[in-house]
Amino acid sequence: MPHMFYTKDHEWVSVGDDGLATVGITDHAQQALGDIVFVELPEPGRNVAKGEACAVVESVKAASDVYAPLSGTVAEVNQAIVDDPAKVNGAPEGDGWFFKLRLEDPAGLTKLLDRAAYDKLLETEA
Amino acid sequence: MAKTPLDALHRRLGARMVDFAGYEMPLHYAAGIMAEHQACRSAAALFDVSHMGQVEIADPASFAPLVPGDVTGLKPGRQRYTLLLNEAGGILDDLMMANLGAHFQLVLNAGRKAADVAHMRGLGLDVHPRFDRALLALQGPRAAALCPEAAHLKFMDAATLEIGGIACGVTRSGYTGEDGFEIGCAGEAGETLAELLLARGAAPAGLGARDSLRLEAGLCLYGNDIDESTDPVSAGLTFALSKKRLAAGDFIGAAAVNKILAEGPAERLVGIRLEGRAPARAGTEIRAHNGEAAGRVTSGLFSPTLGAPIALGYVRAQQAAPGTALDLIVRGRALPGQVAPLPFVPHHYVR
């Protein structure tokens, strides 16, 4: 089970055996957005800085940016959620991932939230 | 923040509440906007619209100078859509007016009701706000089956009748493009009436689905598509202008509206269909195919019924013909679209 990190923008990051950081939005985020109808993903090869808006997710009602949780290069994107955006609602923290980053500085992961800290954030926002 | 008489019911049903026009209103329930939208198109949905302003007036003759429609000719048992205009022909509000026999009932937009009452009283009208009443909208192809008490009405008929022993003012109308009813009752009876209609099989639906349904039906939303800076001709609401009243020029804004009709409006509100899946939201810039500024989007979302983005927006009159190619500038990129006839989804009224 790979270790999951979280951001206060309600994104998750998980580093696989290949060293790439997979990024998606949390279950809380997809619930808050509601039925997702459109996803726009960054071009593979694009360099993104930590905090940079690099993907867009839209529900029937509203649009929202997805930010790079850390700096790096986009290595891969999940075309399946572009073709069927409802996948993000169905499996936000699994098959509904957004993109994979080759991190500039993997040590930066430790500055993100762990599950306990993210749960605490959700409590304070509730 | 104000609450409607159905507030406790919304919370019991797990609604996600949002601030709308000073009221805490349900955006959607557990099913979500998409499912609530589809319930209305395929079966029946129940909306709480108690935030809208129900007002009684005794005398339509004194109201006539404020609106461009033939309101003195409104027969008992009938309802009509009309507009409050200012001297410049700008739209102060759009509203429904029903002749319920004993009195006339207006239904005003929530965000405008206080200003409307002040406007009417300022002109000496005898106005009785009934803002504590409940108003429910039962909408969809099964609406008449779920409300047999009102099934004898035709589109835009109005009547006072009882549903489950509750005294109601009912019109066969709505804001979704589907058949259905808007049902007013005393505030304290609102929850019982809503529970009764839900028990008969209506699905609770919130403001999110209400917005996507009305946009598919090509219906204007006050504050988005029409306001004091827009006029009925540009907004495509000429059906609400009485020829007799225009000729007589006997309502506020008549001179301005007659001038716009004679000269033709500079802009027109049109429907737009976009290619791809990305919605163009309110405020999106519209350009002609040659890159020139053409207008702006006033409402835009992803249509659940069509599975494609749709929008309403004002464009220069020469770009308003159906089929005209337009570019919508979303996040710095030009998304191709074209002017589409309204409504986007056909109406299903029972006439």
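Which residue is the bridge partner of Arg287(B) in strand 17 of chain B? I looked it up, and the partner is Ala293(B).

**Ground rules.** I am working on a predicted model, where local features need pLDDT of at least 70, side-chain atom pairs count only at pLDDT 80 or more, and totals for chains, interfaces and linings use all residues. Residues are numbered from 1 along each chain as its sequence is written, chains are lettered from A and ligands numbered from 1 in the order in which they are written, and side-chain values use heavy atoms, with hydrogens and water left out.

**Barrel, chain B.** I took strands and helices from DSSP runs, numbered from the N terminus (helices are H or I with at least four residues, strands are E with at least two). I count two strands as paired if DSSP finds at least two bridges between them. Strand 16 (residues 285-288) and strand 17 (residues 293-303) of chain B run antiparallel and share three bridges. Both belong to a barrel of six strands, closed in the order 15-18-17-16-19-20 with antiparallel pairing. From one strand to the next, the twist averages 40°. For angles I use axes fitted as lines to C-alpha atoms, for helices over the stretch in contact, with values from 0 to 180 degrees between N-to-C directions. Contact means heavy atoms within 4.5 Å. Helix 7 (residues 207-216) of chain B lies across strand 17 and strand 18 (308-316), at about 125° to strand 17.

**Open sheet, chain B.** Next I traced five strands in the order 6-7-8-5-9 of chain B, again antiparallel. Which strands stand at the edges? They are strand 6 (79-85) and strand 9 (127-129) of chain B; each has a single partner strand, so one side of each lacks a neighbour in the sheet. The twist here averages 30° from one strand to the next. I found four bridges between strand 7 (residues 91-99) and strand 8 (residues 104-108) of chain B. Within strand 8 of chain B, Leu106(B) is the bridge partner of Met97(B). Helix 4 (residues 113-122) of chain B lies across strand 5 (53-57), strand 6, strand 7, strand 8 and strand 9, and runs at about 160° to strand 9.

**Hairpin, chain A.** Strand 6 (residues 53-59) and strand 7 (residues 63-67) of chain A pair antiparallel over five bridges. Three residues make the hairpin connection between strand 6 and strand 7 of chain A. I noted Val56(A) opposite Asp65(A) in strand 7.

**Cysteines.** How many disulfides does a search of the whole structure find? The count is zero over all chains, with a disulfide taken as a pair of cysteine sulfur atoms within 2.5 Å. For Cys185(B), the nearest cysteine sulfur is that of Cys168(B), 5.2 Å away. I class a residue as buried under 20% relative accessible area, exposed over 50% and partly exposed in between (1.4 Å probe, protein chains only). Cys185(B) is buried at 0%, and Cys54(A) is buried at 7%.

**Aromatic pairs.** I list three over all chains. Rings of Phe, Tyr and Trp (its six-membered ring) pair if their centres lie within 6.5 Å; planes under 30 degrees apart are stacked, over 60 edge-to-face and the rest tilted. Tyr6(A) and Tyr118(A) are stacked, 4.9 Å centre to centre with 10° between the planes. Tyr6(A) is in strand 1 (residues 4-6) and Tyr118(A) in helix 4 (residues 115-125) of chain A, so the pair ties together parts 112 residues apart in sequence. Both tyrosines are buried. Phe155(B) and Tyr349(B) also stack, because their centres are 4.0 Å apart and their planes at 10°. Phe155(B) and Tyr349(B) are both buried.

**Charges over rings.** My criterion is NZ of Lys or CZ of Arg within 6 Å of the ring centre and within 35 degrees of the ring normal. Arg115(A) lies over the face of Tyr6(A), 4.8 Å from the ring centre. Lys113(B) does so over Phe131(B) at 4.5 Å.

**Backbone oddities.** Most residues other than glycine have a negative phi, and most peptide bonds are trans. His10(A), not a glycine, has a positive phi of about 65°. His10(A) sits in the loop between strand 1 and strand 2 (11-15) of chain A. Leu342(B) and Pro343(B) are joined by a cis peptide bond, with omega about -5°. Pro343(B) falls in the segment after strand 20 of chain B.
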